[in-house]
Amino acid sequence: MTATEPAEKLLSPVLSASWDDHRPWTLETYRRHDGYQGLRTALEMDPDALIALVKDAGLRGRGGAGFPTGLKWQFIPQNDGKPHYLVVNADESEPGTCKDIPLLFANPHALIEGMVIASYAIRCNHAFIYLRGEVVPVLRRLHAAVAEAYRAGYLGSNILGSGFDLDITVHAGAGAYICGEETALLDSLEGRRGQPRLRPPFPAIAGLYACPTVVNNVESIASVPPILVRGKEWFTSLGTEKSPGFTLYSLSGHVTNPGQYEAPLGVTLRQLLDVSGGIRAGHRLKFWTPGGSSTPMFTDEHLDVPLDYEGVGAAGSMLGTKALQVFDETTCVVRAVTRWTEFYAHESCGKCTPCREGTYWLVQLLKRIEAGQGEPGDLEKLLDIADNINGKSFCALGDGAASPIVSSLQHFRAEYEQHLTERRCPFDPAASTVWADGQRAAAPSPATEREVHA
Ligand SMILES: Cc1cc2nc3c(=O)[nH]c(=O)nc-3n(C[C@H](O)[C@H](O)[C@H](O)COP(=O)(O)O)c2cc1C
Ligand code: SF4
């Protein structure tokens, strides 16, 4: 693939292929796109062969860490006499991350079919979807799709005459970023306050109700049925050797056409900007995140980094959730990092001291720097606190909070220093808004939005 390749060659819509159809969320539409064909194939296979297929296809978890999905399924001990559980992580709360919610809204049966296949593979008869509770329209849509799947015989007893039984429970969380961390999610699902658990034991051994549990991201599970329909060779022909397949890249911020772009792993931001209209007119790229705000930021020097797990890692960041938040030269990096850090301080669950106290102090320092009231030594203090959080916290939320501080100081230290020496913020916050440059006219009016959702 080259930077000049046309969009139709660059993009590979699979999960998003039906999104422009009339009522894409219905079973009828899903069936027109090979829906539930993968399940028929899966139910004729031995569960271990199914796990081997997903392993050989090289599918990696789309929730952030990129852990191999088939290998995770294989960790579930067999013949242990305990119930096994599949829990789908639909908490999606990382700033900039916005792929699972649109996927569930437009194509909920992709997840349900994937869940039946995954449950059959790991010998699970009760699976759960843990959804961020504020997204009520998606909650309703999921309930309706699950009911539709029961009526059609894809859920319940003796699915498609195979003798396999599965129930799905849709659970709405109360809305906490930490409940996306898989062990906090399990505590929350059990009715407790969502806080991370000490590991080991890992969920594969003692997860939900202390039983073997697979926790997978929405997109990971929804990506399984196409592998069964089109084959692992097709899947591995997309993407790169160690990061095969297709994925949803979410472009947001100062781009002409923000949205979901489904493409093979390993594309670059330069290519994605080519197909999304580029940076908003008259401006240039300043910094961006490859995988949400907790992944170290990149600059225009990184436009050609392959967006797969290895490529982004080698360039010093993480692919994370593939949430590409793009900022142009009107954005104050101190301001952006302060907003993110306020989010992490608010969402810190308070279980461990480095994160609970550290994020609080980071916010205090950043706010005074942003307001032009910073003091000499503040930048060293920021780095010192970040260092005391990073790798020393109980869970990865702490590491994520430290990451924008360290990377922004690495790339934009001069801008922080300017705030200290000039004793003010040198940027006009209005210039980075959507209504600057008369762009507001291009945004949909509330009436148009109402029509779209009707
Ligand atoms: C603070 C925090 C929040 C997270 N939020 C999510 C989330 O919303 N969705 C998700 O799938 N994974 C999230 N994760 C990662 C999960 O812990 C877990 O790795 C993932 O659900 C595994 O699924 P996968 O193997 O399919 O990627 C989060 C991790 C942390 C530390
Ligand atoms: S790192 Fe933060 S979110 Fe994670 S356990 Fe510690 S206080 Fe809670």
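Let me start with ligand 2, which is surrounded by 14 residues, the closest being Cys 349, Cys 352, Cys 355, Cys 395 and Gly 398. Please keep in mind throughout that this is a predicted model. Two helices, helix 16 (353–370) and helix 18 (396–422), each supply at least two residues of the shell around ligand 2, and by class that shell has eight nonpolar, four polar and two charged residues.

Helix 18 brings us to the other ligand, since helix 18 and strand 4 (213–217) each supply at least two residues of the shell around ligand 1. In total 24 residues surround ligand 1, and the closest are Gly 61, Gly 63, Gly 180, Asn 217 and Ser 220. Strand 4 gives the largest share of this shell, namely three residues, while the division by class is eight nonpolar, nine polar and seven charged.

Now, strand 4 also belongs to a sheet, so to speak of its surroundings we need the order of the strands, which is 3-2-1-4 in an open sheet of four strands with parallel pairing. Strand 3 (167–172) and strand 4 are at the edges with a single partner strand each, and so one side of each has no neighbour in the sheet. On average, and ignoring direction, neighbouring strands of this sheet are turned by 20° against each other. In the pairing of strand 1 (residues 85–90) with strand 2 (residues 126–131), which is parallel, there are six bridges, and Tyr 85 stands opposite His 126 in strand 2. Helix 7 packs on this sheet and touches strand 1, strand 2, strand 3 and strand 4, its direction making about 150° with that of strand 1. Helix 9 likewise packs on the sheet and touches strand 1, strand 2, strand 3 and strand 4, but for helix 9 the angle with the direction of strand 1 is about 110°.

How do helix 7 and helix 8 cross? The axes of helix 7 (residues 108–122) and helix 8 (residues 136–151) come within 10 Å and cross at roughly 55°, and the two helices are therefore oblique to each other. The crossing in which helix 7 passes helix 8 is right-handed. On the side of helix 7, Pro 108, His 109 and Ile 112 take part, and they meet Arg 141, Leu 142, Ala 145, Val 146 and Ala 149 in helix 8. Sorted by class, this contact has six nonpolar residues, one polar and one charged.

The second sheet deserves a word as well. It is an open sheet of five strands in the order 6-5-9-7-8, and its pairing is mixed. Its edge strands are strand 6 (259–264) and strand 8 (298–299), each of which pairs on one side only. Strand 7 (residues 285–289) and strand 9 (residues 323–328) run antiparallel and are joined by four bridges, with Asp 328 in strand 9 as the bridge partner of Leu 285.

Finally, some backbone details that you may wish to look at in the model. The peptide bond from Arg 199 to Pro 200 is cis, with omega near -5°, and a cis peptide bond also joins Pro 200 and Pro 201, where omega is about 5°. Pro 200 lies in the loop between helix 9 (182–189) and strand 4, and the place of Pro 201 is in the loop between helix 9 and strand 4 as well. Arg 23, although not a glycine, has a positive phi of about 45°, and its place is in the loop between helix 1 (7–10) and helix 2 (27–32).

Key. Residues numbered from 1 in each chain as written. Chains lettered and ligands numbered in written order. Predicted model: local features only at pLDDT ≥ 70, side-chain atom pairs only at ≥ 80, totals over all residues. Axes fitted to C-alpha atoms, helices over the stretch in contact; angles between N-to-C directions. Parallel < 35°, antiparallel > 145°, perpendicular 65-115°, else oblique. Left-handed = near helix turned anticlockwise from the far one by under 90°. Contact = placed C-beta atoms within 7 Å. Nonpolar A, V, L, I, M, F, W, Y, C, P; charged D, E, K, R; others polar. Pairing = 2+ DSSP bridges. Near = placed C-beta within 6 Å.
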